[in-house]
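Biologist: I have some questions about the labels on this model. Please answer each one with a value and a rule.

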Amino acid sequence: MDTYTVHLAMAALVGASLVAVSAYYMHRKTLSQLLEFAKTVEREREDISEGESLQHSMKRRGQLSRRKGNGYYRRGSASLPDVTVISGVIDGEEKRNGPIHVDGIPAGLPRLHTLHEGKSGGRGTPVKRSASLIRPTTPKSPSASAFESIEGSDDEDDIIDNSKLDDTYLHTNGNAGPNLPDRSNANGEAIQIAASSMIRTHSISGDLHGVQPDPIAADILRKEPEHENFARLKISPSEVPSPDEVEVYVVLQECLEMRKRYVFKEAVAPWEKEVISDPSTPKPNPNPFFYASEGKSDKFNLHLMLNVDKEFLAQKSAPHRDFYNVRKVDTHVHHSACMNQKHLLRFIKSKLRKEPDEVVIFRDGTYLTLKEVFESLDLTGYDLNVDLLDVHADKSTFHRFDKFNLKYNPCGQSRLREIFLKQDNLIQGRFLGEVTKQVFSDLAASKYQMAEYRISIYGRKQSEWDQMASWIVNNELYSENVVWLIQIPRLYNVYKEMGIVTSFQNILDNIFIPLFEVTVDPDSHPQLHVFLKQIVGLDLVDDESKPERRPTKHMPTPDQWTNVFNPAFSYYAYYCYANLYTLNKLRESKGMTTIKFRPHSGEAGDIDHLATTFLTAHNIAHGINLRKSPVLQYLYYLAQIGLAMSPLSNNSLFLDYHRNPFPMFFLRGLNVSLSTDDPLQIHLTKEPLVEEYSVAASVWKLSSCDLCEIARNSVYQSGFSHALKSHWIGTEYYKRGPAGNNIHRTNVPHIRLEFRDRIWREEMQLVYLGKAIIPEEVDK
Ligand SMILES: *[C@@H]1O[C@H](CO)[C@@H](O)[C@H](O)[C@H]1NC(C)=O
Ligand SMILES: [Zn+2]
């Protein structure tokens with residue numbers, strides 16, 4: 001149990017380090033800092049001329065830190081005061097408790113590296129040197145306030161401020177080296193601005209409308225693939241980073257390595273287990289790029305400026321495919337709200353017409369038929385309309401999650417919800433099963449739309465699993481277009497108050513014991529065994545904006561957690577992650593499917609939710625709070641963690657559409673997909689996923705190429721089988737960059753993927769100081 005505490009402490013440490021690093025980036029913004037840099041450069045040059053090449057000194061530095069134990073990096077520089085303070089605290093803790101053993105972690109989980117006292121001396125010289133060279137010009141703020149200042153400015157500040165902030169970070173990131181002053185020449189800026197504003201209008205008008213069948217285009221179409229002659233961005237040889245930059249990179253490296261050690265990965269990748277023989281292979285990656293980078297955000301627009309026509313032609317050259325018939329997965333949608341209002345209304349009316357005498361509910365000591373229920377509500381089928389249903393989110397739900405959940409009662413009546421939207425009611429969820437089947441057949445009819453429905457297990461009793469499985473099996477809820485995720489509401493405090501559970505461990509037991517039982521012996525729960533084959537993920541849900549007590553290292557273990565308070569997000573996340581990790585190891589060893597941890601995170605609330613899920617989650621839903629933390633955003637980018645974002649949904653709850661960071665994340669190359677979240681409350685049309693894409697396309701001027709790229713991401717992020725992914729996006733989809741693309745399936749030009757891959761590799765090499773080892777396959 002102690003070990004768990006250690007893990008949590010580590011998570012906290014990472015969070016704190018990130019705070020410190022981001023504070024560090026803030027410092028770098030100031031002009032005086034630039035001057036400092038200039039001076040630094042001077043002195044570096046002197047150093048070099050003194051005979052010790054910087055390259056060499058860096059190498060020695062690397063050896064030093066490696067020698068210090070498994071690559072764990074002890075920060076001693078004056079420029080990162082916060083981290084030092086925090087690591088000091090941990091050292092103290094360690095002394096008190098003696099060496100920490102990590103025996104309790106699941107098999108296969110790498111040991112955590114803890115900091116050791118008194119080892120910083122080894123780096124004395126370089127530290128002193130960098131400290132004397134670069135001193136932060138802003139006061140050293142305590143780590144928390146660095147975020148608060150951003151957070152505080154969050155809601156009311158205008159978006160321009162945000163983007164300015166992030167831009168600086170991004171520019172700094174690549175180019176803060178010796179030549180930073182040169183880069184900020186007015187000329188370059190002007191070009192960038194022109195590019196970003198010009199390119200969009202140009203590309204859109206060129207794309208969607210004025211396309212005539214002109215002979216030249218047709219000629220190009222007949223010619224060889226587009227990537228033979230597209231304009232590549234030239235990339236300059238990277239600058240030698242300053243010692244302080246190196247320190248920052250090493251911290252980032254450590255974060256990425258920690259994630260690698262934590263997150264569950266199958267020992268044998270699906271594509272190694274299962275060979276799919278299909279002759280059509282995408283073209284291999286041709287030549288490398290040559291030169292120079294502008295600021296990172298602008299690279300995408302620059303790429304568009306150079307290549308948008310070629311991308312467009314490439315798309316046209318892929319016969320048959322267009323946005324409508326590329327596969328897209330709704331990566332985040334709650335099953336209980338998966339039908340649209342009109343659909344639900346039609347269903348209720350038809351039930352009232354066809355089965356008025358069905359006994360549907362037991363209330364106040366009597367059994368009521370459907371007709372009687374409506375009489376008790378003083379409603380007839382004719383009266384019912386969508387407005388009366390009143391499940392739609394409106395202005396009153398903005399920022400009020402509690403009201404949002406209230407909305408989820410049709411006609412404001414929990415009776416109708418009980419009858420139509422519950423699976424454990426008097427009619428054993430038959431109505432919900434039927435309406436679900438209708439949704440399935442709508443999906444099947446659309447053919448190119450898939451969905452991952454999230455359905456709740458509460459953890460109040462162990463039999464929930466069997467109930468759910470038998471509901472699925474008895475109603476024959478199966479579709480080639482659908483897989484399931486389990487969502488666990490974070491409601492310990494509610495159950496505790498009601499006396500349903502005594503400790504947090506009860507909930508964990510109720511959730512995980514049946515899963516272990518059925519994995520060990522499928523005969524023990526045959527229906528659950530069958531259902532589990534369709535379950536691809538585990539989710540955590542609740543209102544993240546609820547105030548929570550921050551996790552500390554003195555938290556009780558789950559069986560000692562008997563107080564009335566709800567544990568923090570990170571506490572839930574850690575224990576779900578850890579149990580799932582062990583379960584997955586077991587399932588994999590028995591040749592069964594595994595279940596990925598894919599929680600809601602970063603929709604609202606504290607930024608440490610995102611630090612926690614960085615370490616533990618396969619991918620997350622929302623992530624909009626990444627806009628508040630440049631460093632975490634950068635880490636999510638480097639690790640290419642999937643974000644299933646739902647801008648329309650967030651529009652009604654937490655963030656206005658036009659301020660949603662989706663377009664910025666997409667531009668920067670984060671692994672984003674679009675999802676609907678709650679069609680019943682949010683969407684108006686029969687195809688909510690297309691509605692989501694369509695609104696995004698018109699508000700943010702996304703081209704057809706952009707939409708297809710997002711759709712491709714959604715297939716990656718989904719939990720569908722290897723065989724289906726191969727069929728949908730190409731047999732080599734698991735390879736990085738253009739090699740993994742099949743334009744005939746995805747309608748995404750190689751150019752686009754080569755660009756993304758190129759930029760990502762550069763950033764990785766930057767952070768790993770040119771020594772990044774990048775496997776040819778994703779998720780490796
Ligand atoms: C995007 O994220 C998913 C997981 O969410 C991952 O499987 C996939 O490989 C990622 N895409 C890339 C290009 O890394
Ligand atoms: Zn959601």
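Biologist: What makes Arg-261 count as partly exposed?

Modeller: Its relative accessibility is 21%. Buried means under 20% relative accessible area, exposed over 50%, and partly exposed in between (1.4 Å probe, protein chains only). The value 21% falls in between, so Arg-261 is partly exposed. Before we go on: this is a predicted model, where local features need pLDDT of at least 70 and side-chain atom pairs count only at pLDDT 80 or more, while totals for chains, interfaces and linings use all residues. Residues are numbered from 1 along each chain as its sequence is written, chains are lettered from A and ligands numbered from 1 in the order in which they are written, and side-chain values use heavy atoms, with hydrogens and water left out.

Biologist: How do you know that Arg-261 and Glu-254 meet in a salt bridge?

Modeller: A salt bridge needs a side-chain nitrogen of Lys or Arg within 4 Å of a carboxyl oxygen of Asp or Glu. Here the N to O distance is 3.3 Å. That is within 4 Å, so the pair counts. Glu-254 is buried, at 11%. By this rule there are 21 salt bridges.

Biologist: Why can such side chains pair at all?

Modeller: Side chains of opposite charge can pair when their charged atoms come close.

Biologist: Where do Glu-434 and Arg-430 lie?

Modeller: Both are in helix α19, residues 430-446. Helices are DSSP runs (H or I, at least four residues), strands are runs of E (at least two), and both are numbered from the N terminus. The two residues sit four apart, about one turn of the helix. Their closest N and O atoms are 2.9 Å apart, which makes a salt bridge. Glu-434 is partly exposed at 23%, and Arg-430 is partly exposed at 24%.

Biologist: Which parts of the chain does the pair of Glu-476 and Lys-437 link?

Modeller: Distant ones. Glu-476 is in the loop between α20 (464-474) and β5 (482-489), and Lys-437 is in helix α19, 39 residues apart. The N to O distance is 3.8 Å, so this too is a salt bridge. Glu-476 is exposed, because 57% is over 50%. Lys-437 is partly exposed at 36%. Salt bridges that share partners also join Glu-311, Asp-706, Glu-709, Arg-752 and Arg-756 into one network.

Biologist: What makes the arrangement around the zinc ion (ligand 2) irregular?

Modeller: The donors come first. Donors are N, O and S atoms within 2.8 Å of the metal (3.2 Å for Na, K and Ca); water is not among the atoms, so sites may look incomplete. The zinc ion is coordinated by His-332 (NE2), His-334 (NE2), His-600 (NE2) and Asp-677 (OD), at 2.1 to 2.3 Å. Now the angles: they run from 82 to 172°. Four donors are tetrahedral if all angles lie between 85 and 135 degrees; four are square planar and six octahedral if opposite donors are over 155 degrees apart and all others between 65 and 115; anything else is irregular. An angle of 82° already rules out tetrahedral, and the arrangement counts as irregular.

Biologist: How are the donor residues spaced in sequence?

Modeller: The pattern is H-x1-H-x265-H-x76-D. His-332 in strand β1 (residues 328-334) and Asp-677 in the loop between β11 (672-674) and α29 (679-682) are 345 residues apart. His-332 is buried at 0%, and Asp-677 is buried at 4%.

Biologist: What joins the side chains of Thr-746 and Asn-741?

Modeller: A polar contact of 2.8 Å. The rule asks for a pair of N or O atoms within 3.5 Å; within protein, one must be able to donate a hydrogen and the other to accept it, and residues adjacent in sequence count only if both atoms are side-chain atoms. Thr-746 is found in helix α33 (residues 743-746). Thr-746 is buried, because 2% is under 20%.

Biologist: Which residues touch the most other members of the largest nonpolar core?

Modeller: Tyr-453, Trp-484, Ile-486 and Tyr-636, in a core of 139 residues. Helix α24 (residues 569-589) gives the most to this core, with 12 residues. A nonpolar core is a set of buried Ala, Val, Leu, Ile, Met, Phe, Trp, Tyr and Cys residues joined through side-chain atoms within 4.5 Å.

Biologist: How many residues of the protein chain count as buried?

Modeller: Of its 780 residues, 58%. The chain has 34 helices and 11 strands.
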